[in-house]
Amino acid sequence: MSTPKLRVSMQTQAGLGTFSKWTHRFMDVAEMVASWSKDEFTKVGAVIVDDEKRIISTGFNGFPIGVDDEVPERHERPTKYFFFEHAERNALNFANVDVAGMTMVVNCFPCADCMRGVLQNGITTVLCPEPDRTRPDRFASCNAAYDMAMDKGISLVEYSK
Ligand SMILES: [Zn+2]
């Protein structure tokens, strides 16, 4: 199977012209939360914020509640993919309110699984870096995530410092 071409084309900061100090603050929080992940290689943090700049929920990639994350074999590829829940879905699952219309700030481009969660929960803006171009194994998932976001009309904004 040949590697798909990455087709993701995000809105840029220049296009919106609205990156505020708050945007950077929320990404700082996402990166701090990401640092709590026990995944040695991939540390992802997501923050859901409302229109009043209030942080409604956060999440990082980790094992589901109640699942023993001290078992070394569970951290090895490919087994770990079964055990780690992603930051975006943890943030969605732990929000105690309806997050429809809110913004998600995440320090990694969402995979297709997480983008489905974003759509189903009514998040309208996702702010994240562009996909990692050194990881062609993820391009298919990124392309699907992008297509779903575009179909739904989600504002997918590229974050850069
Ligand atoms: Zn994901």
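A residue counts as buried if 20 or more other C-beta atoms lie within 10 Å of its own. The exercises below apply to a predicted model.

**Exercise 1.** Find the buried residues of α5 and state how they are arranged about the helix axis.

Solution. Step one: α5 covers residues 112-120. Step two: under the cut-off of 20 or more C-beta atoms within 10 Å, the buried residues of α5 are C114, M115 and V118. Step three: viewed down the axis of α5, these buried residues fall within an arc of 100 degrees, so they line one face of the helix. Step four: an α-helix has 3.6 residues a turn, so residues three or four places apart point the same way.

**Exercise 2.** Determine which elements the buried residues of α5 pack against, and what follows the helix.

Solution. The packing partners are α4 (87-94), β3, β4 and α6. After α5 comes G122, with a positive phi near 80 degrees.

**Exercise 3.** Trace the strand pairing from β3 to β5, and give the hand of each crossover.

Solution. Step one: β3 (residues 103-106) and β4 (residues 125-128) run parallel and are joined by three bridges. Within this pair, V126 of β4 stands opposite M104. The chain passes from β3 through α5 to β4 in a right-handed β-α-β crossover. Step two: β4 also pairs with β5 (residues 155-158), in the parallel sense, over four bridges. Here V126 has L156 of β5 as its bridge partner. β4, α6 (residues 139-152) and β5 form a right-handed β-α-β unit. Step three: V126 thus appears in both pairings, opposite M104 and as bridge partner of L156.

How values were computed
Residues numbered from 1 in each chain as written. Predicted model: local features only at pLDDT ≥ 70, side-chain atom pairs only at ≥ 80, totals over all residues. Pairing = 2+ DSSP bridges. Helix = DSSP H or I, 4+ residues; strand = E, 2+ residues; numbered from the N terminus. Right-handed = clockwise from strand over helix to strand, strands pointing away. Buried ≥ 20, exposed ≤ 12 C-beta atoms within 10 Å, placed from the backbone. Arc of directions from axis to C-beta. Contact = placed C-beta atoms within 7 Å.
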